[in-house]
Amino acid sequence: MSSITWHYVLKFIITGDAAVGKSSLLIRLTDQRFLTNPDPTLGVEFGSKLISIPDDDKIVKLQCWDTAGTESFRSITRSYYRGAAGCLLVYDVTNRKSFANTRSWLADVREHADPHLTCILVGNKVDLCDEAQDSPPKPRQVTTEEAAEFAQQEGLLFVEASAKSGVNVEAAFVEATKDILNKIKNGVFDDSRSPGPPPTVPAAHDGDNAPFLFISLRITILPDLQNNGNPSGSVLVTPPSFHSSWLRWL
Ligand SMILES: Nc1nc2c(ncn2[C@@H]2O[C@H](COP(=O)(O)OP(=O)(O)OP(=O)(O)O)[C@@H](O)[C@H]2O)c(=O)[nH]1
Ligand SMILES: [Mg+2]
């Protein structure tokens with residue numbers, strides 16, 4: 001039996017064009033690894049991590065649903081948006097089209113997710129533009145200023161990151177989480193849907209006993225598993241059984 005392991009569980013979605021690095025950002029967050037040739041995501045993948053927000057004295061469990069950027073999966077991935085408290089809207093700084101397409105991904109998020117969801121625009125692959133790397137730098141196609149202006153106009157947080165080097169990856173999730181915690185404090189999110197810090201929480205997994213240890217669970221959710229996976233729960237959910245059931249299922 002463990003003591004309190006987290007104060008909130010927040011559902012995050014990661015969305016954006018194919019090959020912008022959504023899965024790589026999640027792997028970097030949960031496993032501190034980078035794969036040069038990850039498989040394209042088929043449907044949705046899931047990863048989880050505990051993070052600490054010292055300013056609020058809170059431990060937060062992030063449940064991240066990494067969606068496929070391929071158009072043919074779009075209607076499936078949309079069904080995972082509901083109930084998300086946070087969203088990483090990802091583009092590739094060396095691919096202008098992926099930045100232009102963030103408008104359409106954002107429209108999807110706004111149509112299908114909670115209107116109070118916190119969205120952070122993430123310009124990924126900044127390492128490719130770095131002069132100091134071994135191979136010749138790739139030209140940047142989206143300036144920091146342009147993306148920051150777009151983010152401001154749309155009310156998004158903004159960061160540039162690299163799943164390869166790890167720069168700003170955890171920071172992106174932390175910034176979004178802080179914003180969500182502020183919304184909870186200010187009553188923007190309906191906190192009644194979250195029991196808050198439970199007095200005792202049955203151990204979902206040994207890794208949950210220690211803050212900062214992460215659980216990485218990478219699975220592909222096929223369409224016929226959507227309902228069993230219950231991807232569209234409330235904005236703030238705290239049932240440890242959700243996670244342990246997945247572990248048992250595996
Ligand atoms: N240099 C560099 N390459 C990256 C970075 N992030 C991802 N990549 C590469 O970009 C390619 C696509 O990465 P994925 O993480 O599979 O992209 P995705 O957005 O999940 O793609 P889908 O699942 O098809 O939607 C892979 O070859 C990665 O190694 C990064 O920060 N820097
Ligand atoms: Mg992927």
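K125 counts as buried, with 25 C-beta neighbours inside 10 Å; a residue is called buried if 20 or more other C-beta atoms lie within 10 Å of its own, exposed if 12 or fewer, and partly exposed in between, with C-beta atoms placed from the backbone. K125 lies in the loop between β5 and α5, the latter spanning 144-154. Its phi is near 70°, a positive value in a residue other than glycine.

Before I go on, a word on the model and its conventions. This is a predicted model, in which local features need pLDDT of at least 70 and side-chain atom pairs count only at pLDDT 80 or more, while totals for chains, interfaces and linings use all residues. Residues are numbered from 1 along each chain as its sequence is written, and chains are lettered from A and ligands numbered from 1 in the order in which they are written.

A second positive phi belongs to D57, with a value near 55°. D57 is found in the loop between β2 and β3. Unlike K125, which is buried, D57 is exposed, having 8 other C-beta atoms within 10 Å. Q32, which follows α1, also has a positive phi, near 50°.

Let me turn to the overall architecture. The protein has eight helices and eight strands; these are DSSP runs, helices being H or I over at least four residues and strands E over at least two, numbered from the N terminus. Of the 250 residues, 40% are buried. Among contacts between residues at least 6 apart in sequence, 77% join residues at least 24 apart, where two residues are in contact if their C-beta atoms, placed from the backbone, lie within 7 Å.

What does the largest nonpolar core contain? It has 54 residues, and those with the most contacts inside it are L25, C87, L88, L89, I120 and V122. Helix α6, residues 169-185, gives the most to this core, with seven residues. By nonpolar core I mean a set of buried Ala, Val, Leu, Ile, Met, Phe, Trp, Tyr and Cys residues joined through C-beta atoms within 7 Å. Leaving aside neighbours within four places in sequence, C87 is in contact with F12, I13, T15, V109, A113, L117 and C119.

V90 sits in strand β4, residues 86-92. V90 is buried, with 28 other C-beta atoms within 10 Å. Not counting residues up to four places away in sequence, V90 touches I14, G16, V20, G21, K22, L25, V122 and N124. The C-alpha atoms of V90 and A161 are separated by 9.8 Å, although these residues are 71 apart along the chain.

K22 and L25 bring us to helix α1, where both are buried. The helix is mostly covered, eight of its ten residues being buried. The cover over those buried residues includes β1 (8-16), β2 (44-53), β3 (58-67), β4, β5 (118-124) and α6.

The pairing with α6 merits a closer look. Two packed helices are described by the angle between their axes and the distance between the axes. Here the axes of α1 and α6 come within 9 Å and cross at roughly 90°; axes are lines fitted to C-alpha atoms, for helices over the stretch in contact, and angles run from 0 to 180 degrees between N-to-C directions. The two helices are therefore roughly perpendicular to each other, a term covering angles of 65 to 115 degrees. L25, R28 and L29 in α1 meet V169, E170 and F173 in α6. By class, that contact has four nonpolar, no polar and two charged residues.

Next, the ligand. Which residues are closest to ligand 1? They are G21, S23, S24, T41 and G69, out of 23 residues that surround the ligand, a residue being near a molecule if its C-beta atom, placed from the backbone, lies within 6 Å of it. Helix α1, residues 22-31, gives the most to this shell, with three residues. The shell divides into nine nonpolar, ten polar and four charged residues. Ala, Val, Leu, Ile, Met, Phe, Trp, Tyr, Cys and Pro count as nonpolar, Asp, Glu, Lys and Arg as charged, and the others, Gly among them, as polar.

I close with two aromatic residues. W65, in strand β3, counts as buried, with 24 C-beta neighbours inside 10 Å. F73, in the loop between β3 and α2 (74-78), counts as partly exposed, with 18 such neighbours inside 10 Å. Not counting residues up to four places away in sequence, F73 touches G43 and A68.

Notes. Angles under 35 degrees count as roughly parallel, over 145 as roughly antiparallel, 65 to 115 as roughly perpendicular and the rest as oblique.
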